[in-house]
Amino acid sequence: MGQCYYNETIGFFYNNSGKELSSHWRPKDLVVVALGLTVSVLVLLTNLLVIAAIASNRRFHQPIYYLLGNLAAADLFAGVAYLFLMFHTGPRTARLSLRGWFVRQGLLDTSLTASVATLLAIAVERHRSVMAVQLHSRLPRGRVVMLIVGVWVAALGLGLLPAHSWHCLCALDRCSRMAPLLSRSYLAVWALSSLLVFLLMVAVYTRIFFYVRRRVQRMSEHVSCHPRYRETTLNLVKTVVIILGAFVVCWTPGQVVLLLDGLGCKSCNVLAVEKYFLLLAEANSLVNAVVYSCRDAEMRLTFRRLLCCRCLRPSTHESVRYTASTHTGASTRIMLPENGHSLMDSTL
């Protein structure tokens, strides 16, 4: 092991990595902070609304909504972490101690990892619900609790490791350019982990889509091609495209630059775009609230109750929601009859 630099300043490591550490507020710093504060506030408000809706509506006191609540909690945490970053960036970065810098980075890494891992957990549980052909598909609470605990253990592990061991304080030649105190291998592993999560989500949702489409086609042969079955397939396609499309748009740019920096690409100008791509990744915490919650009819009704501070009569809405097949965008409830019995009742 080489010499360690635990007593050096933040500026020492930024100079070593070639990352500029500004001493005054530049126009681009102000733009990034203004955009960052706006996104952070929106993330906080939307995800607080989702959590309040799940807590206040007894219909949402089910395991699948616990996962959606955990996603909102992770994204809320991401909003807090990014807000903390906005108040400790630009010229204020140089004033941070090494511990303060690791706290700033750890908050971001933990929250974003928890958000991505929860997206995968939701996909896995939806797959389980669809594949478990049963009259009433209810996820075991114990299984959901284990998933949530596993998500946060993984997130805390990745968030805390850099401060304790996965840094470059004792190996300056391994320091990344985007995060000058972190080892390049950490960035590469983080980027590859997110890529793996995306590939798993693609595999899971693709399997769900083809399974449901096959069932719909089989059932339509016995029900004279009722338009409802075609509508089911189309809604499922929209759901898959929105979920995977949002993930790709928000995460791919950031993961690419992280991977390039982690692999030590000297000719890649990753520093020119890193702040904007991180902002785009943070925006996914806002998109999640829309994709996974706001497209649900019951959730929208609950939002209106909370925002209007009045109780709307649910009787006029419930009869519409619990039909044989209720389509609510990202939360498509599918009930396909087979031999006179319900085949599935799964929230997609």
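**Entry 1. Second largest cavity**

I began with the second largest cavity, whose lining divides by class into 6 nonpolar, 3 polar and 1 charged residues. I note that the model is a predicted one. I then listed the residues of this lining: N47, V50, L68, L71, A72, D75, N288, A289, Y292 and S293. I found that helices α2, α3 and α8 each give two or more residues to the lining. For the volume of the second largest cavity I recorded about 40 Å³. I also noted the count of cavities of 30 Å³ or more, which comes to 4.

**Entry 2. Largest pocket**

I turned next to the largest pocket, which holds about 840 Å³ of space. I counted 41 lining residues, and the closest to the pocket centre are K19, M178, E274, K275 and L278. I asked which elements give two or more residues to this lining. They are α2 (27-56), α3 (63-86), α4 (98-131), α6 (184-220), α7 (227-262) and α8 (274-294). By class, I recorded 25 nonpolar, 7 polar and 9 charged residues in the lining of the largest pocket.

**Entry 3. Surface patch**

I looked last at the surface, where V31, L35 and Y276 form a nonpolar patch. Together these residues have about 250 Å² of accessible area. I placed Y276 in helix α8. Is Y276 buried, partly exposed or exposed? I entered Y276 as partly exposed, because its relative accessible area is 38%, and the partly exposed class lies between under 20% for buried and over 50% for exposed.

Technical notes. Residues numbered from 1 in each chain as written. Predicted model: local features only at pLDDT ≥ 70, side-chain atom pairs only at ≥ 80, totals over all residues. Heavy atoms only, no water. 1 Å grid on protein atoms, 1.4 Å probe; cavity = no way out; pocket = protein on both sides within 12 Å on 5 of 7 lines; lining within 4 Å. Points joined across faces, edges and corners; volume = space filled by probe spheres on them. Helix = DSSP H or I, 4+ residues; strand = E, 2+ residues; numbered from the N terminus. Nonpolar A, V, L, I, M, F, W, Y, C, P; charged D, E, K, R; others polar. Patch = residues over 30% accessible without salt bridge, like charges linked within 9 Å, V, L, I, M, F, W, Y side chains within 5 Å. Areas by Shrake-Rupley, 256 points an atom, 1.4 Å probe, with all protein chains shown as cover. Salt bridge = Lys/Arg side-chain N within 4 Å of Asp/Glu carboxyl O. Buried < 20%, exposed > 50% of the residue type's maximum accessible area, 1.4 Å probe, protein only.
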